[in-house]
Amino acid sequence: MMSNNQTRPANHNETSARTTLESLAPQGKKLGICLCPTCKKVNSLTLTHCIRCKTKLSTRNYASVQQSWALLITAIILLVLANVYPITLLTNRGVVTNDTIFSGIAHLIHTGMIPIAIIVFTASILVPWLKIIGLSLYLCAISFKIPISKRKMMIGFHIIEWIGRWSMLDLFVISLTVALVNMGQLLDAKPAPAATAFALVILLTQLSAKVLDTRLLWDRLETHNDTN
Amino acid sequence: MSEAKSYKAVILCRSCDLVIRKRALPSNVRALCPRCDTALYDTPYCSINGLLALCITALLLFLPANLLPVLEIHFLGSIRTTTAYEAAIEVWVQGYWVVGLAVLISAVIAPALLILSVLLQVLIVKLNLCSPFWQSIFLQLLKKHGLLSQLTMLEIYVISFLVSAFQLSDFSDVYFGMGTLSFTLLFIAMLFLQREYNLEHMWSYVHDEQ
């Protein structure tokens with residue numbers, strides 16, 4: 001399944017080293033040690049607080065699955081609102097137009113700015129939906145014990161954690177546009193209700209990923225096969 | 001305590017709790033968890049003087065980046081300019097304070113706090129301040145570092161004023177100024193600062209009292 005001291009190339013100039021201590025035990029929990037959640041120091045389970053940074057220690061946070069679900073479900077509801085309601089309100093020579101996230105992108109494609117449209121589409125539609133689908137899959141795998149490859153799930157989870165912040169792009173663009181375009185009836189841009197919903201979607205999904213104790217997925221190593 | 005010490009050669013994966021024997025790595029090599037591919041540790045190369053230089057650069061760039069306008073548009077003879085701070089406040093004033101606050105934190109407040117936090121950490125390590133007062137400050141700064149670096153989103157902001165420039169060029173003339181240059185340079189300085197900074201290495205400077 002896995003070999004000791006195996007090295008393999010990871011990125012362009014980095015190689016990765018792999019060492020395991022299979023002879024002892026697979027999980028740190030069984031050895032009576034746990035990792036400090038803040039400073040990543042290995043602590044004995046007999047201690048209540050980390051010896052280095054004094055953070056409270058716990059082997060597993062079982063409540064984190066529920067917390068993560070709660071945040072995720074709220075985010076799903078808000079994401080629907082963020083896509084249905086207009087996100088900006090543009091007044092151009094007296095004509096008021098409401099733009100939703102999708103119609104904004106459609107407008108960009110229409111005016112021929114394809115690369116910009118791709119960036120905005122990735123940041124405001126693809127990333128939030130991927131994040132929500134990915135997190136739901138991950139949480140389902142823990143809650144309903146679905147035998148999906150844990151390794152692929154974990155890679156997906158790392159991607160979600162990293163990519164999530166890019167959704168902020170749309171909010172930055174809105175704030176810059178609103179601050180610049182304010183010439184009354186002639187030309188005026190204002191934010192609309194979906195902006196708040198979208199900001200909350202980003203916050204809640206990031207929190208949902210951060211709060212989850214990923215070690216819970218790996219505790220069921222014995223019950224399901226883990227090869228790939 | 002003695003029990004914890006005997007586990008010095010062993011680390012745990014923070015994502016899947018696998019027990020892994022820690023061993024020395026050559027430079028430019030990163031240890032990955034064999035089970036879930038989480039990056040575990042790399043060779044701590046973290047030059048304190050280099051960090052100090054990057055901190056001072058970032059601090060010097062921070063003021064022009066946030067005081068000079070990042071974007072300027074000319075529309076039918078009228079000129080509008082904005083800075084990152086003003087843009088956030090403008091959205092806030094119009095009633096969307098959640099959006100305003102999010103923009104303000106991720107583009108202005110978090111980068112400022114991150115620079116100051118790293119500067120203070122570097123000074124504490126460099127001047128070897130080991131009185132309990134300074135050590136407790138050092139501890140608090142290290143604990144907050146992960147959050148601060150996650151909230152700092154300068155790279156996204158730089159992309160976003162390019163996107164806005166393209167969108168606005170549809171109906172007006174868009175100009176970049178010294179503010180845009182400073183902001184981009186600030187982003188580059190912060191990028192290298194965060195690359196150079198190694199949280200695990202900084203933790204090793206904490207003096208264990210017990």
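**Exercise 1. Determine what covers the buried residues of α7 in chain B.**

*Solution.* The cover of the buried residues of α7(B) includes α2 (48-67), β5, α4 (97-126) and α6 (154-168) of chain B. The model under study is a predicted one.

Step 1. Establish the extent of the helix. Helix α7 of chain B occupies residues 178-196, 19 residues in total. From its first C-alpha to its last it reaches 27 Å, close to the 27 Å expected at 1.5 Å a residue.

Step 2. List the buried positions. These are B:Gly179, B:Thr180, B:Ser182, B:Phe183, B:Leu186, B:Phe187, B:Ala189, B:Met190 and B:Leu193.

Step 3. Relate the list to helix geometry. An α-helix has 3.6 residues a turn, so residues three or four places apart point the same way.

**Exercise 2. Compare the UniProt annotation of chain B with the modelled secondary structure.**

*Solution.* Step 1. Read the record. An unreviewed UniProt entry lists residues 51-76, 96-125, 146-168 and 174-193 of chain B as "transmembrane region".

Step 2. Examine the span 96-125 of chain B. It is 97% helix and 0% strand, and its end C-alpha atoms lie 42 Å apart.

Step 3. Examine the span 174-193 of chain B. Here the chain is 80% helix and 10% strand, with 31 Å between the end C-alpha atoms.

**Exercise 3. Reconstruct the sheet of chain B that contains β5, and identify its edges.**

*Solution.* Step 1. Pair β5 with β6. Strand β5 (residues 71-75) and strand β6 (residues 78-82) of chain B run antiparallel and are joined by five bridges. Within this pairing, B:Glu72 has B:Thr81 as its bridge partner, B:Ile73 stands opposite B:Arg80, and B:His74 faces B:Ile79.

Step 2. Describe the connection. β5(B) and β6(B) form a hairpin with two residues between them.

Step 3. Pair β5 with β7. Three bridges link β5(B) to strand β7 (residues 173-175) of chain B in the antiparallel sense. B:Ile73 has B:Val174 as its bridge partner in β7(B).

Step 4. Assemble the order. The result is an open sheet of three strands, β6-β5-β7 of chain B, with antiparallel pairing. β6 and β7 of chain B each have a single partner strand, so one side of each is left without a neighbour in the sheet. Neighbouring strands of this sheet are turned by 20° against each other on average, direction ignored.

Step 5. Add the packing helix. α6(B) packs on the sheet and touches β5 and β7 of chain B, its direction making about 5° with that of β5(B).

**Exercise 4. Locate two non-glycine residues of chain B with positive phi, and state whether each is buried or exposed.**

*Solution.* Step 1. Recall the background. Most residues other than glycine have a negative phi.

Step 2. Consider B:Leu76. Its phi is positive, about 50°, although it is not a glycine. B:Leu76 lies in the loop between β5 and β6 of chain B. B:Leu76 counts as exposed because it has 9 C-beta neighbours inside 10 Å, and the cut-off for exposure is 12 or fewer.

Step 3. Consider B:Asn128. Its phi is about 55°, again positive in a residue that is not a glycine. B:Asn128 belongs to the loop between α4 and α5 (132-151) of chain B. With 8 C-beta neighbours inside 10 Å, B:Asn128 therefore counts as exposed.

**Exercise 5. Characterise chain A, its four-stranded sheet and its contact with chain B.**

*Solution.* Step 1. Summarise the chain. Chain A has eight helices and eight strands, and 40% of its 228 residues count as buried. Of the contacts in chain A with a separation of 6 or more, 57% come from residues 24 or more positions apart.

Step 2. Order the sheet. Four strands form an open sheet in the order β6-β5-β8-β7 of chain A, with antiparallel pairing. The edge strands are β6 (95-99) and β7 (182-183) of chain A, each pairing on one side only.

Step 3. Detail one pairing. Five bridges join β5 (residues 88-92) of chain A to β6(A). A:Thr91 stands opposite A:Val96 in β6(A).

Step 4. Place the helix. α6 (residues 168-180) of chain A packs on the sheet, touching β5 and β8 (187-191) of chain A, and its direction makes about 140° with that of β8(A).

Step 5. Turn to the interface. In it, 66 residues of chain A are in contact with 66 residues of chain B. α6(A) supplies the largest share of chain A's side, 12 residues. By class, that side has 38 nonpolar, 18 polar and 10 charged residues.

Technical notes: Residues numbered from 1 in each chain as written. Chains lettered and ligands numbered in written order. Predicted model: local features only at pLDDT ≥ 70, side-chain atom pairs only at ≥ 80, totals over all residues. Pairing = 2+ DSSP bridges. Contact = placed C-beta atoms within 7 Å. Axes fitted to C-alpha atoms, helices over the stretch in contact; angles between N-to-C directions. UniProt positions renumbered as here; feature names shortened; annotations may be inferred. Nonpolar A, V, L, I, M, F, W, Y, C, P; charged D, E, K, R; others polar. Expected span 1.5 Å × (residues − 1). Buried ≥ 20, exposed ≤ 12 C-beta atoms within 10 Å, placed from the backbone.
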